[in-house]
Amino acid sequence: MDDVIIIGGSFAGLAAALQLGRARRRVTVLDTGLQRNRFASHSHGVLGHDHKPPQNILTDARQQLARYPTIRLVNARADSISGAIDNFSVLTGDGASLGARRLILSYGVVDQMPDVPGFAENWGSSIVPCPYCDGFEVADQRWGLVWSGPQSHTYVRLYHDWTGTLTVFADGHDIAPDVRADLARRNIPVVDGRITEIHHRTGHGTAIKLDTAGDVVIDMLFAHPRNRPSASLHESLGLATVTTPLGTAIKVDERRETSVPGIYAAGDLANPAMASVTTAIWQGATAGISAQQSMLV
């Protein structure tokens, strides 16, 4: 029996495995290789790895984990979980049954692309969610923001550190009069109507097509589509969740432990509003350390 099984081997899961491996705990990491930011060409803001392709960072991390004899990386999907603290059982997609004293869930989320031609094709390149991840590279250029609700007003203020040229696309949302007045005060135009197509023209910006007006050309479009967990294991376990503006997240305490003793969660699965590699890494490390300390005798 392992000490810990980690379900999801992207940044959060591997960070948890590193801490556990260094504590000489037996760990199995199950992963399907479909990390959320696989559509991005580079990751930014990761100390020591700034402006590297995310897949390269993960490849380096897996190679570094190979020096720890108690860590096992397995390319497999977790199909079901049963049991309780000190005696969890995980059934994988290839029929293997694995046991562990603790579990860490880090299987991430899936962004739900709107049914707009060009959106999914440009996601991660000319359409992104996070200014901390991609803002520096397009600073002082023409930015666009797809309005997604009241939280978008915060994004407007946030983006000011990167650019003074921002266009808001209402995309069918009702923007309150006082918010519109504030946007006007900031010299931020609001384009009404729904987005019908997005067309990226290399070197010439991205054309946003609307059902009520002509094309609007920008350099980078920021959008925050809703997301959902990439698996339903937390539902079968009955874990408590919280509703966020972007989707459902697993509820955890400051130690990253869920509502079920012995099960921890880290990364976007427990914090989908902050799509950051740095955040995923510290949450994973915290989950790994917390799981290890919970097994002390």
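This passage looks at one helix and two sheets of a predicted model.

A good place to begin is helix α1, which covers residues 11–22. Its length can be checked with simple arithmetic: at 1.5 Å a residue, the twelve residues of α1 should span 16 Å, and the C-alpha atoms at its two ends lie 17 Å apart, which agrees. Most of the helix is covered, with nine of the twelve residues buried. The buried residues are F11, A12, G13, L14, A15, A16, A17, L20 and G21. What do these buried residues pack against? Their partners include both strands and helices: β1 (2–7), β2 (27–31), β3 (71–75) and β6 (97–105) among the strands, together with α2 (54–65) and α8 (277–294). Just past the end of α1, R24 adopts a positive phi of about 65°.

The meeting of α1 with α8 can be followed in some detail. The two axes come within 7 Å of each other and cross at roughly 35°, and the crossing is right-handed. On the α1 side, the contact is made by F11, A12, A15, A16, Q19 and L20. On the α8 side, V277, A280, I281, G284, A285, G288, I289 and Q292 take part. How many of the residues in this contact are nonpolar, polar or charged? Ten are nonpolar, four are polar and none is charged. Several of these contact residues of α1 also appear among its buried ones, including F11, A12 and L20.

Turning to the sheets, one is open and consists of five strands in the order β8-β15-β9-β10-β11, paired in parallel. Its edges are formed by β8 (127–128) and β11 (190–191); each has a single partner strand, so one side of each is left without a neighbour in the sheet. Further inside, β9 (residues 143–146) and β10 (residues 166–169) run parallel and are joined by four bridges. In one of these pairings, G144 has T167 of β10 as its bridge partner. A helix accompanies this part of the sheet: α5 (residues 151–159) lies across β9, β10 and β15 (220–222), and runs at about 165° to β9.

The other sheet is also open, but here three strands pair in the antiparallel sense, in the order β12-β13-β14. The edge strands are β12 (195–200) and β14 (216–218), each of which pairs on one side only. On average, neighbouring strands of this sheet are turned by 20° against each other, direction ignored. Five bridges link β12 with β13 (residues 206–210), and I198 stands opposite I208 in β13.

Terms used. Residues are numbered from 1 along each chain as its sequence is written. This is a predicted model: local features need pLDDT of at least 70, side-chain atom pairs count only at pLDDT 80 or more; totals for chains, interfaces and linings use all residues. Side-chain values use heavy atoms; hydrogens and water are left out. The expected span of a helix is 1.5 Å times one less than its number of residues. Buried means under 20% relative accessible area, exposed over 50%, partly exposed in between (1.4 Å probe, protein chains only). Contact means heavy atoms within 4.5 Å. Two strands pair if DSSP finds at least two bridges between them. Axes are lines fitted to C-alpha atoms, for helices over the stretch in contact, and angles run from 0 to 180 degrees between N-to-C directions. A crossing is left-handed if the near helix is turned anticlockwise from the far one by less than a right angle, and right-handed if clockwise. Ala, Val, Leu, Ile, Met, Phe, Trp, Tyr, Cys and Pro count as nonpolar, Asp, Glu, Lys and Arg as charged, and the others, Gly among them, as polar.
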